[in-house]
Amino acid sequence: MAAPLRVLVTGAAGQIGYSLVLQIAKGDVFGADQPVVLVLLDIPPMAAVLEGVQFELTDCALTTLRGVEAVTDEKSAFTNIDYAFLVGAMPRKEGMERKDLLAANVRIFKSQGKALADFSKPTTKVIVVGNPANTNAFIAAKYAAGKIPARNFSAMTRLDHNRATAQVALKSGVTIGDVKNVIIWGNHSSTQFPDVKHAKVNKGGSETDAYSAVGDSAWLQGPFISLVQKRGAAIIERRKLSSAMSAAKAACDHIRNWHVGTPAGEWVSMAVPSDGSYGIPEGLIFSFPVTVEGGEWKIVQGLDLDDFAKAKIAATTKELEEERDEALAACADSKQ
Ligand code: NDP
């Protein structure tokens with residue numbers, strides 16, 4: 001058996017953390033033959049809850065789980081890790097302005113970026129789930145630079161991707177496995193653009209495009225997009241809690257594909273640092289269609305964008321540039 005991977009989950013005492021740690025521990029992400037040591041980080045007031053999660057993981061008696069460490073300091077958390085799931089973030093409190101939320105998160109992700117540089121490996125790979133995920137990833141990458149390349153930082157748009165895939169499957173009357181290559185462009189926010197123009201659906205044994213399979217262009221260009229964009233809010237309205245189970249599953253899908261690769265002819269959506277593809281400013285953490293081979297992602301090139309897509313992508317780019325500029329201003333203000 002391979003040497004254990006050391007996997008950090010921050011915010012591990014939270015809702016998403018609770019679903020996520022079991023999936024990682026039982027081999028859903030790195031495989032049934034890959035042992036893992038889980039490192040759980042949360043803030044000191046959550047230490048007892050974290051210990052409860054640690055006890056439960058131990059009690060799961062999993063052959064793949066070679067250790068669980070529950071910690072509340074960054075040095076213990078970030079030392080020698082192979083993967084980091086950065087889930088913990090400052091939640092929006094009532095009356096809080098977007099600017100204040102961003103500033104609070106900049107402090108967290110600046111500090112974690114530095115901890116990655118100080119204690120992690122040059123090969124450590126990072127997924128940011130905590131919102132605003134793209135911008136938090138941008139800040140963490142900025143402060144880990146020099147030690148860890150920017151391309152090892154990503155933000156999660158896989159939940160949006162999975163939501164779009166599921167809706168196309170439902171509307172086309174096929175199963176999930178029959179739908180591939182939807183795309184989420186941009187920010188993990190309500191400006192994201194779920195795009196099915198290049199998606200393929202296997203219907204009745206032959207492959208067709210999603211527009212033909214769904215047979216309702218007006219739905220795909222209107223209600224479908226807002227359904228995916230607002231799905232999180234719809235779940236909170238019904239469950240009175242956010243979509244933690246599906247978010248955790250999506251984080252696992254994201255890292256699994258980064259670790260083992262994407263199937264031939266298929267891509268997934270990941271927010272990664274732009275290299276200027278599709279005119280997106282370099283360095284912005286932007287969700288693109290990517291393929292993965294040998295642990296390295298590559299942005300899918302040469303997809304045709306019509307005026308509808310270009311306008312949607314421009315709007316989400318503008319939002320991300322504004323967030324980036326606000327976050328950089330907050331970095332300059334914060335002394336830590
Ligand atoms: P959750 O586990 O529900 O959410 C954690 C983060 O994931 C939030 O920023 C949330 O954003 C984000 N998120 C992204 N996508 C989704 C999605 N689809 N559905 C729900 N959330 C999504 O939050 P909890 O409050 O239950 O737990 C957070 C934990 O993090 C707490 O235990 C807290 O103590 C900890 N924390 C740890 C820190 C650290 O380790 N340094 C720092 C700050 C907090 P949104 O708020 O927009 O829903």
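**Pockets in the predicted model**

The largest pocket encloses about 1800 Å³ of space in this structure, which is a predicted model. Its lining is made up of 50 residues, and those closest to the pocket centre are Ala-89, Met-90, Pro-91, Gly-130 and Asn-131. Six helices each give two or more residues to this lining: α1 (15–25), α4 (98–119), α6 (158–172), α9 (223–229), α10 (231–239) and α12 (307–333). The top contributor to the lining of the largest pocket is α4, which supplies five residues. Sorted by class, the lining of the largest pocket holds 21 nonpolar residues, 19 polar residues and ten charged residues.

How can such spaces be found at all? Rolling a probe the size of a water molecule over the atoms reveals where empty space remains.

Attention now turns to the next pocket. The second largest pocket contains about 570 Å³ of space. Here 26 residues form the lining, with Arg-158, His-161, Asn-162, Thr-165 and Ile-176 lying nearest the centre. Two or more lining residues come from each of α6, β7 (179–180), α10 and α11 (244–260). In the second largest pocket α6 gives the most, with nine residues. The class count for this lining is eleven nonpolar, eight polar and seven charged residues.

Two helices are worth following from one pocket to the other. Both α6 and α10 give two or more residues to the lining of the largest pocket, and α6 and α10 also appear among the elements that do so for the second largest pocket.

Key: Residues numbered from 1 in each chain as written. Predicted model: local features only at pLDDT ≥ 70, side-chain atom pairs only at ≥ 80, totals over all residues. Heavy atoms only, no water. 1 Å grid on protein atoms, 1.4 Å probe; cavity = no way out; pocket = protein on both sides within 12 Å on 5 of 7 lines; lining within 4 Å. Points joined across faces, edges and corners; volume = space filled by probe spheres on them. Helix = DSSP H or I, 4+ residues; strand = E, 2+ residues; numbered from the N terminus. Nonpolar A, V, L, I, M, F, W, Y, C, P; charged D, E, K, R; others polar.
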